[in-house]
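Let's take a friendly look at how rings and charges sit together in a protein model. Have the structure open beside you as you read.

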Amino acid sequence: MAAILDSLVGSCAKKMQEMITEEAVLILGVEEDLKELQRTMTQIQCFLNDAEKRRIKESAVNNWLAELRDAMYNADDIIDMARSEGRMLLAERPSSSRESTKCGGISFFTCIPNVPKHHKIADKIRDFNAELERISKLGERFLGLQSMQPKAEVTNVKRTTNLVEPNLVGKETLHACKRLVKNVLANKEKKAYKVGIVGTVAHAIGMEYVHRVDLMSADVGWELLWKSMNLNEEKDVEKLQDMGLDIVRKCGGLPLAIKVTASVLATKEKTENEWRKFIDRSAWSVGNLPIELRGALYLSYDDLPSHLKQCFLYLALYPEDHYIWRDDLIRLWVAEGFIEEQQGQLLEDIAEEYCYELIYRNLLQPDPGRADHSRFKMHDLLRQLAQHISGEESFCGDPQSLGAKTLSKLRRVSIVTDKDLIVLLNTDKEMIRARTLFNNSAKRLNVGNTIFKIIPRIRVLDLTDSSIQTIPDCVGSLIHLRLLDIDGTEISCLPESIGCLINLQILNLQGCKALHSLPLAIIQLCNLRRLGLTNTPINQVPKGIGRLEFLNDLEGFPLGGGGDNGKTQDGWKLEELAHLSQLRQLDMIKLESAAPYSYSRDSLLTDKKHLKVLNLLCTERTDEPYSEEDVSNIEKIFEQLIPPHNLEDLLIGGFFGRGFPTWLGTTHLSSVIHLKLIHCNSCARLPSIEQLPNLRYLRIDGAAAVTKIGPEFVGCRGDNRRSTDAVVAFPKLETLVIENMPNWEEWSFVEEGDAEAAEGGEDGSAEIQKGEAPSPGMQLLPRLKRLELEGCPKLGSLPRQLGQEATSLKVLDIRGASSLKVVEDLPFLSVGLEPSSSGGAAYRSLSRLTVR
């Protein structure tokens with residue numbers, strides 16, 4: 001708890017320091033009170049290290065920490081109140097009053113009607129100052145807490161995780177499964193046969209067979225340990241083996257414990273002294289935990305820096321075995337104030353690095369089906385650990401199972417229920433102290449708009465897919481609100497009072513089918529960082545979105561041609577993006593409605609140094625084709641949307657121009673990792689992108705005009721094919737997906753003439769490698785691991801050099817390719833074809849299948 005408090009106290013003290021000089025706070029006349037409050041917080045922060053060591057054994061210290069925690073949450077609320085009241089007072093001041101007779105820095109006449117507001121917030125600050133001083137003296141004088149400087153914490157964030165060789169754990173599991181299956185099959189004739197997996201409960205309920213899964217042997221465990229931490233030097237493995245075996249035994253032979261321990265050891269020096277210190281750490285023997293959470297699991301938490309500890313504990317709010325979307329979690333962490341600012345970096349980028357660090361430490365498990373680590377989940381035991389540690393203030397489950405008194409004490413509530421409908425917080429007698437409330441249920445929640453009246457301290461409110469239909473005007477009184485998520489609801493409008501939410505950072509309005517316009521007050525949300533509008537039919541927006549200087553995430557951004565109705569318009573203009581310098585993710589829709597950008601063609605996106613994700617989407621027409629004028633206009637617009645060099649993820653969807661923009665295969669995409677070309681049905685040729693140096697994932701979906709993918713796709717064209725210079729086509733591409741190509745007939749890596757000249761022997765196969773090989777200095781797809789082809793009914797064959805060039809190919813997945821007769825010469829294919837029920841017919845038409 002003390003580690004979490006360290007971050008909270010530090011955050012509050014920093015806010016105090018910043019706000020002392022703010023004009024909106026100076027107007028309240030509480031500068032000296034805030035300075036005193038900051039000094040007390042700094043003093044208390046020095047007690048936290050000693051308190052953390054003593055809280056496990058001393059209940060009085062633990063109680064002191066709980067009291068301090070509540071006080072710091074109050075401090076955070078008071079900071080918001082002071083800023084809010086100050087800004088309102090500042091807004092009420094006549095502009096001329098700045099030069100008139102002053103009363104404490106403001107106009108005397110302006111001062112008079114605001115005296116009650118002034119005194120109310122000043123009294124709150126002074127009362128809280130006295131309370132915090134009392135808590136500080138209690139810790140110092142009565143509990144004898146020692147003042148210790150907070151220890152400096154350094155964490156080296158890793159963007160990749162160590163993927164352990166699967167056979168280390170898999171072999172052990174496989175043998176156990178075989179024994180279990182053999183026993184079950186031997187007793188299959190019995191009408192009832194009880195099987196228990198280990199444990200005394202199995203005996204108690206009369207199991208006929210108790211299967212014991214053996215723990216991992218010490219030698220295998222040691223191998224798992226040193227491989228998990230990339231201990232590759234043989235001398236280090238030998239030198240540290242004895243202590244490594246001790247550590248494996250302390251982990252109880254459990255693979256999860258060994259892996260998280262390896263991640264902690266990887267941050268230490270590879271010396272016997274450091275490993276001995278690690279073995280002797282007191283965190284191994286913490287006793288006030290359930291047995292299964294002690295030792296290595298608790299130590300993996302204890303080793304985290306404080307800012308990562310609160311991020312880890314936040315995961316207790318998710319249900320068991322629940323996949324968490326990375327971008328959603330990042331926004332939640334930002335809204336909760338967990339992210340420590342670093343100069344020159346967006347909070348969202350820092351939060352993303354926090355995710356990678358937790359993955360690297362094996363505290364999060366990435367979805368193996370997503371190479372970009374865009375979602376992950378938590379091991380059940382680690383989730384139990386997070387819930388146990390954060391249990392005093394967090395709850396994940398059905399809130400109706402709690403009494404009003406218990407519910408009023410919780411700070412974070414995650415609703416998980418299997419009920420068809422539940423009434424959320426159906427009491428207005430108890431004022432809820434929750435800072436976070438969100439829905440993780442699969443069921444639709446029955447929520448009335450009275451909820452906004454009983455959660456005055458709320459900072460994160462997620463009502464996704466709830467039954468709420470209206471947002472009342474009183475939402476404007478929720479001055480602490482940082483995140484409001486009403487995705488998938490039936491709301492049809494937002495009140496203008498939403499402009500009072502000056503602290504709001506994230507506003508999600510995705511999938512709100514009845515919402516067609518945004519209020520003018522949206523542009524008053526001066527701290528807004530994200531606006532999500534995907535799948536919401538917005539057709540009227542306010543002018544001036546460029547004023548929101550912190551806006552970095554625009555999803556479902558509707559473009560318009562400028563038709564306006566005074567202060568609103570039918571969509572934003574491209575030039576309104578010019579002033580949004582912090583854009584990190586940009587998802588533009590209705591590009592066919594946009595007018596070409598009238599200023600410098602290079603300046604709209606190229607100077608967005610934070611932009612990582614860019615989606616450029618046109619609306620597909622089903623009633624009538626686009627006119628020649630429309631085609632010409634969309635080609636001009638796309639030519640102007642030159643991305644910055646730092647872009648990592650690009651999607652082009654519904655583009656109906658006849659040729660892709662010329663910048664697509666240039667150095668402007670030198671950092672692109674993921675590229676998706678979706679439903680670009682008018683382009684007869686694919687772009688020349690074979691030289692993109694960092695491209696790892698390429699998806700081409702729905703290019704209806706393409707009938708042939710030839711040598712130009714891999715850069716084998718003209719004189720380039722005969723060059724002896726070392727050239728690599730798609731040097732880092734790992735996954736290639738081509739799907740829904742109804743007219744695609746031919747795929748080759750060489751010119752057709754060369755292929756015909758190479759034919760020899762009875763079936764021509766003897767000369768394939770000699771006649772059709774690319775130039776000696778050229779490599780094609782050297783890192784390709786996965787190739788997926790789906791919905792390509794006219795494709796007759798694969799390139800004959802595919803198996804010779806794509807030497808890393810592991811997975812070939814072909815579905816719905818009914819004209820494909822031969823799949824051969826794939827010597828490096830180790831996993832094989834992946835059949836599916838939907839593609840079974842295609843396989844029946846294959847006359848020959850060669851995989852060797």
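We begin with charges over rings, meaning that NZ of Lys or CZ of Arg is within 6 Å of the ring centre and within 35 degrees of the ring normal. The charged end of K309 is placed over the ring of Y301, 5.3 Å from the ring centre. In a similar way, R375 lies over the face of W325, at 5.4 Å from the ring centre.

A word on the source: this model is predicted, local features need pLDDT of at least 70, side-chain atom pairs count only at pLDDT 80 or more, and totals for chains, interfaces and linings use all residues. Residues are numbered from 1 along each chain as its sequence is written, and side-chain values use heavy atoms, with hydrogens and water left out.

Next come rings beside rings. Rings of Phe, Tyr and Trp (its six-membered ring) pair if their centres lie within 6.5 Å; planes under 30 degrees apart count as stacked, over 60 as edge-to-face and the rest as tilted. The structure holds 14 aromatic pairs, including these:

| Pair | Type | Centre to centre | Angle between planes |
|---|---|---|---|
| F638 and F655 | tilted | 4.5 Å | 50 degrees |
| W747 and F749 | edge-to-face | 6.1 Å | 85 degrees |

Are these rings buried (under 20% relative accessible area, with a 1.4 Å probe and protein chains only) or exposed (over 50%)? F638 is buried, at 0% relative accessible area, and F655 is buried too, at 1%. Both W747 and F749 are buried as well.

Finally, look for Y314, Y318, F338 and F438, which form one aromatic cluster.
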